[in-house]
Amino acid sequence: MDAREDDFDAELADIGDDRPGVDEVDGDDFTALGLDEDTDDGDDYDDEDADYPEDALEDEIDLVAALYREDGEPAAIALDKELANDLDGLIDELRRVPGEAGAVGVVSIDGDFFVIVRVRGRKVEVLLSDIAASQDWPIARDAADFLGLELPGEDDDSEPVGDFDLFADAGLSELEIEAITSDEDADPLEILETVVEKLGFSDAYDKVAAQFDL
């Protein structure tokens, strides 16, 4: 580098930054520049958190159970009620059930709606009996999110949504289960019992349901 370049660099250093307000900046005080030190007030997170439904209370949870086959025979076990508010937790628990062809989780809330989850290895299928429930109950919201569905509006109709073909290999066709779950004259618990009966789990299911005073 020659002497002329050294002189030019020295001149630049002497000039400094002549932007207005820079000389007045002290430490972390950026007010002179018209900048806020922290512009993220967390409002978006708070809004999302406030919109999420509150957990169902213990006396609002009708049933949480797993159905599976062991040595070819239908079996059922009661699951922790806390799983009625946690779809991911329910899925994880169903993976621990020693079913020969996976396991089926059933959750009923307040006699208002039910969720059926079938887990076979990495494959997870979900059926929600009423999309409107996603406005008020966390597991229904989780189910709608899992299925990639938009939340319904206040004027939208109540209707079952999800994987209607989840039991096609067990002899319960997509059209049949859609017809069963769309019966507006039937109580959600009655609809759930009908599905369970057609899958051949009535006796095992009834024993578990009795533990929940159903």
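## A tour from Arg120 outward

Select Arg120 first: at 27% relative accessibility, this residue counts as partly exposed. Keep in mind that the model is predicted.

**Stop 1: the salt bridge of Arg120**

Add Asp169 to the selection. Its side chain meets that of Arg120 in a salt bridge, 3.4 Å from N to O. The two residues are 49 apart in the chain, so the pair links distant parts of it. Arg120 belongs to strand E4, while Asp169 sits in the loop between strand E6 (161-162) and helix H5 (174-181). Asp169 is exposed, with a relative accessible area of 54%.

Which residues share a network of salt bridges with this pair? Select Arg118, Lys123 and Glu125 as well; together with Arg120 and Asp169 they are linked in that network. Look at one link in it, between Glu125 and Lys123. Their closest N and O atoms are 3.9 Å apart. Glu125 is buried, at 6% relative accessible area. Lys123 counts as partly exposed, at 46%. General background for this stop: side chains of opposite charge can pair when their charged atoms come close.

**Stop 2: a salt bridge between helices**

The structure holds 8 salt bridges. Go to another of them: Lys198 with Glu176, where the closest N and O atoms are 3.2 Å apart. Here too distant parts of the chain are linked. Lys198 is in helix H6 (residues 188-198) and Glu176 is in helix H5, 22 residues apart. Is each partner buried or partly exposed? Lys198 counts as partly exposed at 44% relative accessibility. Glu176 is also partly exposed, with a relative accessible area of 29%.

**Stop 3: the sheet**

Switch to a cartoon view. Color the strands E1 to E6. They form an open sheet of 6 strands in the order E2-E1-E3-E4-E5-E6, with antiparallel pairing. Which strands stand at the edges? E2 and E6 do, and each has a single partner strand, so one side of each is left without a neighbour in the sheet.

Zoom in on the E6 edge. Strand E5 (residues 123-128) runs antiparallel to E6, and 2 bridges join them. Leu128 has Val161 in E6 as its bridge partner.

**Stop 4: strand E3**

Move to E3 (103-109). How many of its residues are buried? The count is 7 of 7. Both faces are covered. Select Ala103, Gly105, Val107 and Ile109 for one side, then Val104, Val106 and Ser108 for the other.

Now check the neighbours of E3. E1 pairs with E3 in the antiparallel sense over 6 bridges. Ala65 stands opposite Val106 of E3. E4 also pairs with E3 in the antiparallel sense, over 7 bridges. There, Val107 has Val115 of E4 as its bridge partner.

**Stop 5: two positive phi values**

Follow E3 to its end. E3 and E4 form a hairpin with 3 residues between them. Asp110 is in the turn, and its phi is positive, about 55°. Most residues other than glycine have a negative phi. Asp110 counts as partly exposed, at 42% relative accessibility.

Next, select Asp71. Its phi is near 55°, again a positive value in a residue other than glycine. Asp71 lies in the loop between strand E1 (61-70) and strand E2 (73-78). It is exposed, with a relative accessible area of 69%.

**Stop 6: helices across the sheet**

Show helix H7 (residues 202-211). H7 lies across E1, E2 and E3, and runs at about 10° to E2. Then show H4. This helix lies across E3, E4 and E5, at about 125° to E5.

**Stop 7: H3 against H4**

Keep H4 (residues 138-146) on screen and add helix H3 (residues 87-96). Their axes come within 9 Å and cross at roughly 80°. An angle from 65 to 115 degrees counts as roughly perpendicular, and H3 and H4 are therefore roughly perpendicular to each other. Which residues make the contact? On H3, select Leu87, Leu90 and Ile91. On H4, select Ile139, Asp142, Ala143 and Phe146. Color the contact residues by class: 6 are nonpolar, none is polar and 1 is charged.

How values were computed
Residues are numbered from 1 along each chain as its sequence is written. This is a predicted model: local features need pLDDT of at least 70, side-chain atom pairs count only at pLDDT 80 or more; totals for chains, interfaces and linings use all residues. Side-chain values use heavy atoms; hydrogens and water are left out. Axes are lines fitted to C-alpha atoms, for helices over the stretch in contact, and angles run from 0 to 180 degrees between N-to-C directions. Helices (H or I, at least four residues) and strands (E, at least two) are DSSP runs, numbered from the N terminus. Angles under 35 degrees count as roughly parallel, over 145 as roughly antiparallel, 65 to 115 as roughly perpendicular and the rest as oblique. Contact means heavy atoms within 4.5 Å. Ala, Val, Leu, Ile, Met, Phe, Trp, Tyr, Cys and Pro count as nonpolar, Asp, Glu, Lys and Arg as charged, and the others, Gly among them, as polar. Buried means under 20% relative accessible area, exposed over 50%, partly exposed in between (1.4 Å probe, protein chains only). Two strands pair if DSSP finds at least two bridges between them. A salt bridge is a side-chain nitrogen of Lys or Arg within 4 Å of a carboxyl oxygen of Asp or Glu.
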